Amino acid sequence: MTFPYTNCTTTTLNRLQITPLETSHEVSETPSLAETKIAKVHLPTAIPALDVSPTAFTLTKEEATPDAVMELLRKYGICTIKKLFDASEIDSINEELDPLFELKKNDPRLFPKETIRVTNTVSKSPIVVNKILSHPLNLAVAHKALDQANAFWIGNNINIGTCPAIVSSSIAFQISPNAACQALHRDDQSDHNIRYPQTYESFSFNSESQIGFSVALTKTTRQNGATRIIPGSHLWDHLQKPNEEDCIYNEMEKGDATFMLASVLHSASSNLTKDEVRRILILFMGRGIYRQKENIFFNADLEYFKQFSVEQLRRLGFAMSEPYGNMVELQDPLVKIKEGYRRTTNYSDICRVNSQYE
Ligand SMILES: O=C(O)CCC(=O)C(=O)O
Ligand SMILES: [Fe+2]
């Protein structure tokens, strides 16, 4: 039985009028896209799409400081960095992923059937943790845009709690010839963000819950299914409808990488080639107060995770979001997984308050 949602009134549901279909369902090939209702929508005034060429949001590795990346994310919602990874690093990543793709190639749930996904790669492939999740630029952008720290009165003290960003999903995608394009979507749907119109000047990273870090494991082209993206759509109203004509194709050489706000409208495009396979890995970092999109704990093999450092385990979601978030028997889960790890408080700092100032 589906969850009865009609009284969960939000500013998005208020704008819809939903009625049952009178005729039989139009069923598409993807079950989740089968139409079961008719919706009337109050559409917002549209913000025009940005007419930019990819060079506007492309940096060299040398130019790609965290601040430079964030400036382009603020403006376009996307920033591509040329040759962030060496060819040899990408070869080693592919070598570790090859057998995992092999295991998935006959998965009957593939949609479209030409697209193989290796999900939750951080729990299967240490190199993804060591080279992609732990890439200094990924960690620096996550730190500036998504890490949280806060001060709370606890009696006479002020306590500081921190909540580091954690991996939300880490899916490798391999799309083969004849794969059809995906429908345009935002990846922050899972966080139930409500998007309000913003301008480049008024934009705040506070409106963002996840940032994707997409690594080209092969060359990606318009022909072989590069991700298509609507630059600037992170500034749009929640219900502004995406149009295919507004997309640009994020073509990357093997070893290039792209940061993308999860609020940007995008999708995989069709692979129109006869013989080219397109492979990328998109790792999303998300705020630690939200659920991870991929449930890392359900099949977690704690022995596998013990190889990682405390800092890596923190970014994987095996730590406390201070105070108390994600606790196990009132403790930081790191105490359970990392031998010798001890902590005496559930906060980063406990401060005695001597005086107040205006
Ligand atoms: O494969 C791609 O280029 C994008 C995939 C994607 O957007 C998704 O599965 O959410
Ligand atoms: Fe997506």
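Begin by selecting Ser-169 and Phe-284: in this predicted model, Phe-284 of strand 14 is the bridge partner of Ser-169. The pair belongs to a longer match, for strand 8 and strand 14 run antiparallel to each other and are joined by nine bridges.

**Strand 8 and its other neighbour**

Extend the selection to the whole of strand 8, residues 166-175. Nine of its ten residues are buried, so strand 8 is largely enclosed by the rest of the structure. Next, add strand 5, residues 115-118, which is antiparallel to strand 8 and connected to it by four bridges. One position to label here is Ile-116, whose bridge partner in strand 8 is Gln-174. Strands in a sheet are paired through hydrogen bonds of the backbone, in either a parallel or an antiparallel manner.

**Lys-104**

From Ile-116, move to Lys-104. Leaving aside residues up to four places away in sequence, Lys-104 touches Ile-116, Arg-117 and Val-118. Lys-104 is located in helix 2, which spans residues 87-104. Is Lys-104 buried or exposed? Lys-104 is partly exposed, because 16 other C-beta atoms lie within 10 Å, whereas a buried residue requires 20 or more. For a distance to display, choose the C-alpha atoms of Lys-104 and Tyr-76: they are 34 Å apart, with these positions 28 residues apart along the chain.

**Helix 3 and helix 4**

Select helix 3 and show the side chains of Val-128, Val-129, Ile-132 and Leu-133, which are buried. These residues lie on the same side of helix 3, because they cover an arc of only 110° around the axis. A helix of the α type has 3.6 residues a turn, so residues three or four places apart point the same way. The buried residues of helix 3 pack against helix 4, strand 8, strand 9, strand 14 and helix 6 (310-316).

Continue to helix 4, residues 136-145, where the buried residues are Asn-138, Leu-139, Val-141, Ala-142 and Ala-145. Here too the buried residues share one side of the helix, because their arc around the axis is only 165°. Their packing partners are helix 1 (66-76), helix 3 (126-133), strand 9 (210-216), strand 12 (257-261) and strand 14 (278-286).

**The surroundings of ligand 1**

Centre the view on ligand 1. Which residues are around ligand 1? They are Phe-173, Gln-182, Asp-187, Thr-227, His-266, Ser-267, Ala-268 and Ile-280. Colouring this shell by character gives three nonpolar residues, four polar and one charged. The element that gives the most to the shell is strand 13, residues 266-268, with three residues.

**A three-stranded sheet**

Now select strands 6, 7 and 15, which form an open sheet in the order 6-7-15 with antiparallel pairing. Strand 6 (148-154) and strand 15 (349-352) are the edge strands, each pairing on one side only. From one strand to the next, the twist averages 25°. Between strand 6 and strand 7 (residues 157-163), look for seven bridges. Ile-154 and Asn-157 of strand 7 stand opposite each other.

**Strands 1 and 2**

Finish with strand 1 (residues 16-20) and strand 2, an antiparallel pair with five bridges. Label Ile-18 and its bridge partner in strand 2, Ala-39. How many of the five residues of strand 2 are buried? The number is zero, so strand 2 (residues 37-41) lies largely in the open.

Definitions and conventions: Residues numbered from 1 in each chain as written. Chains lettered and ligands numbered in written order. Predicted model: local features only at pLDDT ≥ 70, side-chain atom pairs only at ≥ 80, totals over all residues. Pairing = 2+ DSSP bridges. Helix = DSSP H or I, 4+ residues; strand = E, 2+ residues; numbered from the N terminus. Axes fitted to C-alpha atoms, helices over the stretch in contact; angles between N-to-C directions. Near = placed C-beta within 6 Å. Nonpolar A, V, L, I, M, F, W, Y, C, P; charged D, E, K, R; others polar. Buried ≥ 20, exposed ≤ 12 C-beta atoms within 10 Å, placed from the backbone. Arc of directions from axis to C-beta. Contact = placed C-beta atoms within 7 Å.
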